[in-house]
Amino acid sequence: NKGIAVTTDCNSRFTYLDPYKGGMIAVCESARNIVCVGAEPVGITNCLNFGNPYNPEVYFQFSEAIRGIGDACRGLNTPVTGGNVSFHNESRNFAVFPTPTIGMLGIVHDLEKTIGNGFVNENDVVVLIGPNRSEIGGSEFMKLHYGVVSGNCPHIDLQEEINLQKVVYLAIQQGLLNSAHDCSEGGLGVALAEKSINSHGNLGMLLTNNTELTIGQFFGESQSRVVASLTEDSLEKLTLLANEYNIPVSILGRVIPEKFSIVGNCTIPVEELRTVYFRSFEDKMNGNN
């Protein structure tokens with residue numbers, strides 16, 4: 001009754017801003033995705049894509065990214081089983097962003113104890129597991145709205161990440177969570193929308209705890225965060241479990257039918273979100289904005 005989970009992850013913008021943190025974050029995000037389905041991360045492979053290594057700046061990026069990958073793998077106990085390096089990825093004018101792509105394998109010890117990332121039950125409580133820092137550097141928001149890749153790479157604390165993943169994994173094994181999804185590109189706002197888009201049926205959410213959220217907290221791409229849904233009865237047990245590992249849990253709202261709604265800001269039908277999400281490439285190819 002076992003299975004495997006696999007994922008590939010990398011954020012080249014983070015590695016561009018801080019190669020060491022970017023390499024570490026690539027590994028941590030991969031492990032977080034594995035854990036969010038109820039699997040145990042066990043090893044990685046990699047595809048390291050960089051420019052001309054004879055350029056001192058590129059070689060520094062390469063060296064520091066590997067150092068970050070190594071430290072993260074040692075902390076998460078996910079050995080590097082293989083991989084490849086691709087240099088000279090550049091034009092006459094500039095090199096590609098440093099892109100240390102991580103492929104991670106996880107073991108599902110019991111297929112009965114796995115979950116997905118979409119909402120499952122109406123009236124479930126939606127929570128954020130992990131801290132919610134206000135960080136906007138290197139984010140999709142900055143790139144989309146201002147056309148820049150700048151600022152500080154998000155903070156990453158390896159022990160905090162390890163503790164977060166333990167909480168999420170144990171909560172899934174104990175049957176406390178009905179869904180889990182890590183926050184990555186687009187931050188908390190996009191993670192919540194994706195949980196609605198991938199929901200069972202046509203479920204969305206009512207976000208009520210948004211009055212004090214900054215742009216950095218809502219669209220920033222801070223690490224060590226997972227959005228989960230669970231029944232009211234499981235909330236206390238999850239909070240007690242998280243407290244053991246010094247990981248905060250905050251209530252964001254509830255699962256509701258058909259709509260993705262942010263109190264005081266917007267209400268969007270889930271089907272409209274799905275259309276935008278799944279047809280964006282088709283619309284671009286057809287010349288539609």
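**Ser224 sits in the loop that runs between α7 (215-219) and β8 (226-230).** Elements are named from the N terminus as DSSP runs, helices being H or I runs of at least four residues and strands E runs of at least two. Please keep in mind that this is a predicted model, in which local features need pLDDT of at least 70 and side-chain atom pairs count only at pLDDT 80 or more, while totals for chains, interfaces and linings use all residues. Residues are numbered from 1 along each chain as its sequence is written, and side-chain values use heavy atoms, with hydrogens and water left out. The backbone of Ser224 deserves a look: its phi is near 60 degrees, a positive value in a residue other than glycine. With a relative accessible area of 1%, Ser224 is buried (buried means under 20%, exposed over 50% and partly exposed in between, with a 1.4 Å probe and protein chains only).

**Glu160, in helix α5, comes together with Ser224.** Though 64 residues separate them in sequence, the C-alpha atoms of Glu160 and Ser224 are 7.1 Å apart. Once residues up to four places away in sequence are set aside, Glu160 touches Pro131, Arg133, Ser224 and Ile247, a contact being heavy atoms within 4.5 Å. Glu160 counts as buried, because its relative accessibility is 18%.

**Glu258 occupies the loop between β9 (249-257) and β10 (259-262).** Here too phi is positive in a residue other than glycine, with a value near 75 degrees for Glu258. Is Glu258 buried, exposed or partly exposed? Its relative accessible area is 49%, so Glu258 is partly exposed.

**Gly253 lies in strand β9 and is buried, at 4% relative accessibility.** Neighbours within four places in sequence aside, the contacts of Gly253 are Asp124, Val125, Val126, Met205, Leu206 and Thr208. For a sense of distance, find Tyr16: Gly253 is 237 residues from it in sequence and 35 Å from it in space, C-alpha to C-alpha.

**The largest nonpolar core brings together 27 residues.** Such a core is a set of buried Ala, Val, Leu, Ile, Met, Phe, Trp, Tyr and Cys residues joined through side-chain atoms within 4.5 Å. Val27, Cys28 and Ile69 have the most contacts inside this core. At least two core residues come from each of α2 (19-35), β2 (40-49), α3 (56-76), β4 (99-108) and α5 (158-173). A good place to start is Ile69, which is in contact with Gly23, Met24, Val27, Ile44, Leu48, Pro100 and Ile102, leaving aside neighbours within four places in sequence. Another core, of 23 residues, lies apart from the one around Ile69 and includes Ile115, Val127, Val226 and Ile247. In soluble globular proteins, nonpolar side chains tend to be buried together.

**Ile66 belongs to helix α3 and is partly exposed.** The relative accessible area of Ile66 is 37%. Met24 is 42 residues away along the chain, and 8.5 Å separates the C-alpha atoms of the two residues.

**Helix α6 (residues 187-197) is mostly covered.** How many of its 11 residues are buried? The count is 10, and the list reads Gly187, Leu188, Gly189, Ala191, Leu192, Ala193, Glu194, Lys195, Ser196 and Ile197. Notice that Glu194 and Lys195 are among the buried residues of α6.

**Thr275 is part of helix α9 (residues 270-285).** Thr275 counts as partly exposed because its relative accessibility is 36%. Between Thr275 and Glu236 there are 36 Å from C-alpha to C-alpha, for 39 residues in sequence.

**Stepping back, the protein has nine helices and 11 strands.** Its radius of gyration is 19 Å, close to the 19 Å that the globule rule gives for 289 residues, so the protein is as compact as a globular protein of that length (the radius is taken over C-alpha atoms, and the rule is 2.2 Å times the number of residues to the power 0.38). Along the principal axes, the C-alpha atoms fill a box of roughly 60 × 45 × 35 Å. Of the 289 residues, 49% are buried. Of the contacts between residues at least 6 apart in sequence, 87% join residues at least 24 apart.
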